[in-house]
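Me: Could you take a close look at one spot in this model for me, and then walk outwards from there? I would enjoy one connected account rather than a list.

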Amino acid sequence: MAKILDDISRTFNEYLLLSGLTTKEHIPANVDLSVPISSFRRGEEPAQKLNIPFVSAAMQSVSGSDLATALARRGGAAFIFCSQPIEVQAAMVRQVKEHKAGFVESDSNLPPTASLEDALTLKKVTGHSTIAITENGEQHSKLLGILTSKDYWEFKDDLSRPISEFFTPLEDLVLAKEGVTLTEATELLWKNKKECLPIIDEQGNLASLVFRKDYFDHKSNPDELTDDKKRLFVGAALNTFDYMERAEALIEAGVDSLCFDSSDGYSVWQKDAIAELRKKFGSDITIGGGNVVNEEGFRYLVEEGGADFVKIGIGGGSICITREQKGIGRGQASAVLDVAAARDRYYEEKGIYIPLCSDGGLNNDTHIIMALAMGADFVMMGKYFAMTDESPTPKVTYKGQLYKPYWGEGSSRARNWQRYKQGDGPGMKFEEGVDAYVPCSGPLDKKVNLTISKIKATMCNVGVLNVKELHEQAVLTRISEMTLVEGGTSNVEQLDRIYAERD
């Protein structure tokens, strides 16, 4: 006879947080949202942290290089999807890593013999108006000068003429040598009233560029997440087929964290893959496992495989239909509570803390707060980020509203059959995800800033100043259907509804 758990499979909607004592120190400015993403021993600090508890899902319609860059600048991390050729995924990681915190590797370079028309063509391709003029037009060759849009008039000058007649030569540039700090570089820009500062090595080769606008970007993003070389932080996903070859390429590209992308991670394939990667690369790379929904799955990946963090959730994503198709899964609140309790027991036994990621079932900002309160260290989101301007899909207009395409990795469109165990041969026998559209929500930073404001305000209400305190002090209560009704608006006519009906 099948074993039946006494507990009901519950969702985040079924809980509310009770407020705690808010003192004068409990203000949003004092709240620290940094969380570990790598395992660590009692009394030690984690090797890697997120500055905000957000990571983006390893999905084709979510985690491209643009979104990864934008999210790292805000303090979180993207996991570049693995349902693509290895070399393409590695190139996307490399593209994010080229964004050093203030030091940018030039992707707009030309030799002095190129024409002004060549420069305009390159500007249209890259979107950058600053072009480094190097000896052979390569990224890191000898710097000869800089061409900007201030050096020519597009509709007046002869576009067939060589750019050697237009660019600002080396002797007229303000330069800095490699090894200069960002503070020193910024000071040079400010004192000399310049927009761009080229950084050269001892041989005079172009190393990087520092831009005035990046200084303001950095000041606008104080939580920017970087590695020890001040390059933006980025993660990438693996499958259990070509994981060794893929991991080698991603690590060479500079990836900071790896994570297996699977609808069900409680498997010998994933355990073996994590163990083999751990044996080859040691503790130099963070490896996440999952997804799981109970203590057994958590302990299997941690104790047998050596996972650094574990993702929780099966079938709770907005475009995931695994529960409908296969009857596999668990309410996300129940899964997080169960695995978080297992994590705490493991920490007491072994003295090793394993960060947890809640993946799926997050339909609004309140659900994110609940996931963190229930024991998750950070959350992984797909739809949330798919709606932003920076996600890799094009905007589509329908009935005057902007939308973005959004599809699951288990849909036919993703062609990601390696993620699922549906038969012996290649190909997908049935779908476990859908193909849909989501409303466009605008820039990522504005959306994240609003959510972070809500999280910090809630934590102040609870009387805590960091996520660890939230785990330890949060008090939750289950609610009834009538509590849900009571918590909404009632007996009033909302203005937006009145205006909509009038129009």
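Reply: Happily! Two residues are in contact here when they have heavy atoms within 4.5 Å of each other. Please keep in mind that this is a predicted model.

With that cut-off, let us start at Pro-355. Leaving aside residues up to four places away in sequence, Pro-355 touches Pro-36, Ile-37, Ser-38 and Ser-39, then Asp-308, Phe-309 and Val-310, and also Asp-377 and Phe-378. Pro-355 belongs to a loop, the one that links strand S18 (352-353) to strand S19 (356-359). Is this loop residue buried or exposed? Pro-355 is buried, and its relative accessible area is 0%. For a sense of scale, Gly-331 is 24 residues from Pro-355 in sequence, and the two C-alpha atoms are 20 Å apart in space.

The chain as a whole gives this spot its setting. Across the protein, 64% of the contacts with a separation of 6 or more are made by residues 24 or more positions apart. Of the 503 residues, 50% count as buried. The secondary structure adds up to 16 helices and 24 strands. The radius of gyration is 25 Å, close to the 23 Å given by the globule rule for 503 residues, so the protein is as compact as a globular protein of that length. The C-alpha trace spans about 85 × 60 × 50 Å along its principal axes. The accessible surface comes to about 24,800 Å², and carbon and sulfur atoms hold 50% of that area.

Among the helices, H7 (residues 268-281) repays a careful look. H7 has 14 residues and reaches 20 Å from its first C-alpha to its last, close to the 20 Å expected at 1.5 Å a residue. The buried residues of H7 are Gln-270, Lys-271, Ala-273, Ile-274, Leu-277, Arg-278 and Phe-281. These buried residues lie on the same side of H7, because they cover an arc of only 165° around the axis. Trp-269 and Lys-279 are exposed, on the face of H7 turned away from that buried side. What do the buried residues of H7 pack against? Their partners are strand S14 (235-238), helix H6 (243-253), strand S15 (257-260), strand S16 (286-292) and helix H8 (295-305). Gly-282 follows H7 and has a positive phi, near 65°.

One of those partners, S16, brings us to a detail of the backbone. Most residues other than glycine have a negative phi, and most peptide bonds are trans. Gly-290 and Asn-291, however, are joined by a cis peptide bond, with omega about 10°. Asn-291 lies in strand S16.

The other half of that general rule leads to two lysines. Lys-193 is not a glycine, yet its phi is positive, about 55°. Lys-193 sits in the loop that runs from helix H4 (182-192) to strand S12 (196-200), and it is exposed, with a relative accessible area of 64%. Beyond this loop, S12 pairs with strand S13 in the antiparallel sense over 5 bridges, and Ile-200 stands opposite Leu-206 in S13. S12 and S13 make a hairpin with 5 residues between them, and Gly-204 in its turn has a positive phi of about 85°. Strand S13 (residues 206-211) is mostly covered, as 6 of its 6 residues are buried.

Lys-399 is the second lysine: it too is not a glycine and has a positive phi of about 55°. Lys-399 is exposed, with a relative accessible area of 76%. This residue sits in the turn of a hairpin formed by S21 and S22, which have 2 residues between them. Strand S21 (residues 396-398) and strand S22 (residues 401-407) run antiparallel and are joined by 3 bridges, with Thr-397 having Leu-402 of S22 as its bridge partner. S22 also pairs in the antiparallel sense with strand S23 (residues 435-439), over 5 bridges, and there Tyr-406 stands opposite Ala-436.

To return to where we began: Pro-355 is a buried loop residue, while Lys-193 and Lys-399 are exposed.

Terms used. Residues numbered from 1 in each chain as written. Predicted model: local features only at pLDDT ≥ 70, side-chain atom pairs only at ≥ 80, totals over all residues. Heavy atoms only, no water. Helix = DSSP H or I, 4+ residues; strand = E, 2+ residues; numbered from the N terminus. Expected span 1.5 Å × (residues − 1). Buried < 20%, exposed > 50% of the residue type's maximum accessible area, 1.4 Å probe, protein only. Arc of directions from axis to C-beta. Pairing = 2+ DSSP bridges. Rg over C-alpha atoms; globule rule 2.2 N^0.38 Å. Areas by Shrake-Rupley, 256 points an atom, 1.4 Å probe, with all protein chains shown as cover.
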